[in-house]
Amino acid sequence: MLRTGLLPSAESVRETGAEFETLDALYEKSRTYETFTQNALKEIRRAAKGAELCYCVDGGVSEDRIANALIAGGGEIEIIEGATKSAKAAAAAGLAVCYQAVSAYEISEAKLTLPLVVYDIASRELAGDVKLKLAQKFGDDAPACFLCDSTVKKIPIFEADRQTTYHEGTSLVVYDRPLLERKRFDAEDLMEILRRLRAPDGCPWDKVQTHQSIRINAIEEAYELVDAVDCDDPDKLCEEAGDVIMQAAFHTLIEEERGNFDLTDVLSGVCEKLITRHTHLFGKDKDKAANADGALSVWDRNKMTEKHQATYSDAVNDVPKCFPALLRAQKIAKRVRKGGWDFPRADEENEAIERFENARARGDKTAAASAFGEMLMNLAFTAYSAGIDAEQALLDAVKRVASIYNEWEKSVIADGKDVDMLTRDEREYYYRKAKTDAGKN
């Protein structure tokens, strides 16, 4: 039985005069390559019952999914390996180094590296799928070599589906190229660039940086990313996400230089965290999470277990001290509430307000600041209880105040007046007008 009788490799079987069948008709009837593989396995096993069967593939046994499935299924199977299609293509394209080989049928699920040989490009449609995958990964102008029968043609990737002939023997070789000539990069490229910047003969600024010296940069870049989210600007969001990743990579490289951990450790840690904290998806005995709140409860419970937090006080003390004050207040409010503390009580809220007013009246700034801080903390608790993001609510209020003031000053100036010379009634008039105008914008 031949995988296909449409290629020159089938001629050697015909020349022997041996009787054979092919899977070509089965291929035509199958909706997907996965379906074809399953149907082919059934057909081969049917034909092999009570008989000796030789299943012939075009190329190497290792490159044929059906052959590999037969081998994995066990039984008495003798393997006679042949020259692989990928090796033939690599040699024809002048590739004399280690390379990755992948079937065009399996390219969507493969993790691709360069140099690369893609074989089994049986049709223009499949070539189009290959082109899209490769262009996304390496850039549509990356150098490649198209091979089909006697054709050996250097092309950019975007021309992979613009050739005249395709069949099971068609291959595409994608060459590696120097870092500075690439248009598409991955995480390891980022680390390579940073290593070059930190090298003894690298950038004078980059090579002297420490965790402490670039610490604030991570905060600034994170805020710029949030600003891009608020602006709903995809281009800016892409750029700022890259800057945040670069900051994380920079800190990672400093620790790599010290021998503590590397990028693989960082990525392994975050992937493992996502798996172990989503036990409602990945756990053997799945936790229940019918909605977002349920999923968050599972996350929090697993987080406490992983961090060896035996008490809720451990979780409270784990809130980063470098958070903005209001954000940290609400994080702590959330954790003490989960730990059984129903706070604040109405009498304590009123007491804080009263203490603040009394301290301010007697000019005691220290006592006033203490009471005011407690009032803010009470507000953070109240916001959490109401399901409000206190940090975002304050930011929204700041934007509204700035907008109203802009309208206020614009109206005053438009009437030829000085903002510092207005009467109380004029200030009130322009304030009410500004609130109305700001609401229209």
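**Why these labels? A chat about a predicted model**

Biologist: What is the angle at which helix α14 (residues 325-338) and helix α16 (residues 365-385) pack?

Modeller: They pack at about 60°, with axes 8 Å apart. Axes here are lines fitted to C-alpha atoms, for helices over the stretch in contact, and angles run from 0 to 180 degrees between N-to-C directions. This is a predicted model, where local features need pLDDT of at least 70, side-chain atom pairs count only at pLDDT 80 or more, and totals for chains, interfaces and linings use all residues. Residues are numbered from 1 along each chain as its sequence is written, and side-chain values use heavy atoms, with hydrogens and water left out.

Biologist: What makes α14 oblique to α16?

Modeller: Angles under 35 degrees count as roughly parallel, over 145 as roughly antiparallel, 65 to 115 as roughly perpendicular and the rest as oblique. The angle of about 60° therefore makes α14 oblique to α16.

Biologist: Why is Tyr166 called buried?

Modeller: Buried means under 20% relative accessible area, exposed over 50%, and partly exposed in between (1.4 Å probe, protein chains only). Tyr166 has 13% relative accessibility, so Tyr166 counts as buried.

Biologist: And what about Cys98 and Cys203: which is exposed, and which partly exposed?

Modeller: Cys98, at 74%, counts as exposed, while Cys203, at 25%, counts as partly exposed.

Biologist: Why does Cys98 have no bond to the closest cysteine sulfur?

Modeller: A disulfide is a pair of cysteine sulfur atoms within 2.5 Å. The closest cysteine sulfur to that of Cys98 is in Cys145, 19 Å away, so the two are too far for a bond. Searching the whole structure gives 0 disulfides.

Conventions
Helix = DSSP H or I, 4+ residues; strand = E, 2+ residues; numbered from the N terminus.
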